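Me: I'm new to this one and would like a close look at a single part of it. Could you pick a strand and walk me through where it sits and what it pairs with?

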Amino acid sequence: MTTQQDLPLSGLKVIEFTHMVMGPSIGLILADMGADVTKVEPVEGDNTRRLSGSGAGYFAMYNRNKKSLAIDLKSETGRRLVLELLADADVLVENFRGGAMEALGFGHEALAKANPRLIYCSGKGFLAGPYENRTALDEVAQMMGGLAYMTGLPDRPMRAGASVIDVTGAMFGVIGILGALAQRQRTGLGQQVTTSLYETTAFLVGQHMAQFASTGVAAPPMSIRQSAWAVYDVFEAGDGERVFAAVVSDTQWRKFCESFGFTDFLADASLARNTERVRQRERTLPIIRERFKQFDKAALMAKLEETGLPFAPIAKPEELFDDPHLNAAGGLVPLTLPDGRTTKLPALPIAMAGRRFGLRHDLPGIGADGSALLLARGLSQADVDGLVAQGVLHP
């Protein structure tokens with residue numbers, strides 16, 4: 001969906017003060033769903049634009065469908081102009097360190113007095129409590145929240161291979177915003193919404209906490225745990241490629257045995273139930289592994305798909321550009337990178353009325369929309385030129 005009137009959040013005005021991943025992800029989700037999102041940046045642009053290494057993709061991934069206003073918030077004029085934008089905004093999004101917005105005069109309490117309908121969403125490291133003033137990162141939250149332990153080896157915690165806490169925390173922030181919008185329909189008032197990295201991590205490992213509460217047995221890391229199912233592993237095909245395959249029900253077990261010719265397994269009453277099969281994995285898995293090696297990767301996946309079993313190739317992120325499923329139905333959004341090259345990046349993993357969300361506004365250049373935004377607010381071209389000359393507004 002790219003036509004503005006078709007989008008569910010069309011007409012929602014969002015002002016975003018963010019950097020890195022968590023805050024921009026909140027704005028991205030709202031923008032893709034139709035909100036009018038203005039990213040307020042320093043005159044020289046968001047530092048995220050200049051990250052290298054593992055951060056080189058942050059700006060490109062999380063800032064489409066936004067406008068950019070690059071303005072000096074340390075100047076009285078810059079602050080006044082942004083306050084005017086906030087006077088009729090629906091949502092503010094920020095993820096800066098505690099006290100930074102208040103120091104600029106953009107704290108929740110001050111803005112709520114001027115605009116009681118404003119929904120003020122903050123992305124933080126921690127919610128209220130003893131840790132709330134600590135500095136946090138995605139990796140910090142994963143380490144102290146138990147996720148790195150569950151991902152790595154027992155003596156070597158390892159963070160997940162993507163910014164899962166930043167992005168999931170952003171999703172919770174959007175859920176909070178949507179809840180606040182629904183409540184505003186009834187009360188006419190906005191409110192403060194806070195989402196956090198640490199509490200997001202705790203929520204994600206809640207299933208392992210519940211396991212311990214229920215059984216008294218601590219969950220081991222995923223790397224060494226015994227699966228709840230007899231077939232639930234990565235297998236090597238005859239060409240050396242690897243495929244994950246699973247059999248997660250007794251019905252699937254019967255289909256699996258029939259499809260791959262395991263007549264002995266099918267006739268063995270002791271293997272009819274999953275609990276018993278788990279106990280006999282050391283007997284069955286070596287035979288299954290050898291049978292799978294009779295197929296190359298493509299043939300093995302074709303047979304697993306024909307049988308209706310869960311399976312997956314072991315893919316790398318760069319291979320997803322050519323994934324036929326993602327390319328078939330709007331799963332990848334075309335985008336122009338800051339250096340002028342074009343690419344395709346993942347769309348929101350949501351379909352509404354059978355349609356996916358697409359691109360309305362390419363990645364903004366630094367301050368690319370600033371002049372138009374201020375002219376629309378009633379400033380003259382001479383006023384805008386003066387702000388540029390003073391260094392308050394990016395040219």
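Reply: Let's take strand 5, which covers residues 119-124. Keep in mind that this is a predicted model. The strand is mostly covered, with 6 of its 6 residues buried. Look at how the side chains are shared out: Ile119, Cys121 and Gly123 point one way from strand 5, while Tyr120, Ser122 and Lys124 point the other way. Whichever way they point, all of them are buried, so each has under 20% relative accessible area.

Now for the neighbours. Strand 5 pairs with strand 4, residues 91-94, in the parallel sense over 4 bridges. To find your way there, start from valine 91: its bridge partner in strand 5 is isoleucine 119. Strand 5 also pairs with strand 6, residues 192-196, again in the parallel sense, here over 5 bridges. Serine 122 is a handy marker for that pairing, as its bridge partner in strand 6 is threonine 194.

For contrast, hop over to aspartate 322. You'll find aspartate 322 in the loop between strand 9 (311-313) and helix 16 (324-328). Aspartate 322 is exposed because its relative accessible area is 64%, and the cut-off for exposed is over 50%. Aspartate 322 also belongs to a negative surface patch, along with Glu236, Asp239, Glu241, Asp296, Glu318 and Glu319.

Helix 16 itself holds asparagine 327. That residue counts as partly exposed because its relative accessibility is 35%.

Notes
Residues are numbered from 1 along each chain as its sequence is written. This is a predicted model: local features need pLDDT of at least 70, side-chain atom pairs count only at pLDDT 80 or more; totals for chains, interfaces and linings use all residues. Side-chain values use heavy atoms; hydrogens and water are left out. Patches are made of residues with over 30% relative accessible area and no salt bridge: like charges are joined within 9 Å, nonpolar side chains (Val, Leu, Ile, Met, Phe, Trp, Tyr) within 5 Å. Accessible areas come from the Shrake-Rupley method with a 1.4 Å probe; for residues, only the protein chains shown count as cover. A salt bridge is a side-chain nitrogen of Lys or Arg within 4 Å of a carboxyl oxygen of Asp or Glu. Lys and Arg count as positive and Asp and Glu as negative; His and the chain ends are not counted. The place of a charge is taken as NZ of Lys, CZ of Arg, CG of Asp or CD of Glu. Helices (H or I, at least four residues) and strands (E, at least two) are DSSP runs, numbered from the N terminus. Buried means under 20% relative accessible area, exposed over 50%, partly exposed in between (1.4 Å probe, protein chains only). Two strands pair if DSSP finds at least two bridges between them.
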